[in-house]
Amino acid sequence: RNKVMASHRLNMSSSRSHAILTVHVTASTPDDPAEMTRAKLSLVDLAGSERQSATGAAGDILREAISINKSLFTLRKVITSLAES
């Protein structure tokens with residue numbers, strides 16, 4: 001009931017999806033199988049922000065797009081900060 005859907009000029013070529021892939025690797029050497037080395041690799045692909053002028057959005061749709069882009073920017077900052085620590 002609360003979901004709102006709308007379209008704009010980029011809908012056919014635009015995706016607002018995100019993906020996170022995490023790979024855990026565990027390795028040992030033949031000399032000492034009990035000694036384990038572990039690693040974790042996380043790959044993050046965030047949906048790109050869309051240029052407002054290219055979408056042709058206006059009114060409520062434009063305000064929603066601005067909010068989405070702000071959220072993506074904040075999420076990117078969080079993920080970057082986590083990666084650097």
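**Close-ups of a predicted model**

**View 1. Leucine 41, a partly exposed residue.** Leucine 41 has 47% relative accessibility, so it counts as partly exposed (buried is under 20% relative accessible area, exposed is over 50%, and partly exposed is in between, with a 1.4 Å probe and protein chains only). You'll find leucine 41 in strand β2. This is a predicted model, where local features need pLDDT of at least 70, side-chain atom pairs count only at pLDDT 80 or more, and totals for chains, interfaces and linings use all residues. Residues are numbered from 1 along each chain as its sequence is written, and side-chain values use heavy atoms, leaving out hydrogens and water.

**View 2. A nonpolar patch on the surface.** Here Leu41 joins Leu21, Val23, Val25 and Leu43, with about 420 Å² of accessible area together. Such patches take residues with over 30% relative accessible area and no salt bridge, joining nonpolar side chains (Val, Leu, Ile, Met, Phe, Trp, Tyr) within 5 Å and like charges within 9 Å. A salt bridge puts a side-chain nitrogen of Lys or Arg within 4 Å of a carboxyl oxygen of Asp or Glu. Areas come from the Shrake-Rupley method with a 1.4 Å probe; for residues, only the protein chains shown count as cover.

**View 3. The strands behind the patch.** β1 (19-28) and β2 (36-45) each give the patch at least two residues. The largest share, 3 residues, is from β1. Going from the N terminus, the elements run β-β-α-α; helices (H or I, at least four residues) and strands (E, at least two) are DSSP runs, numbered from the N terminus.
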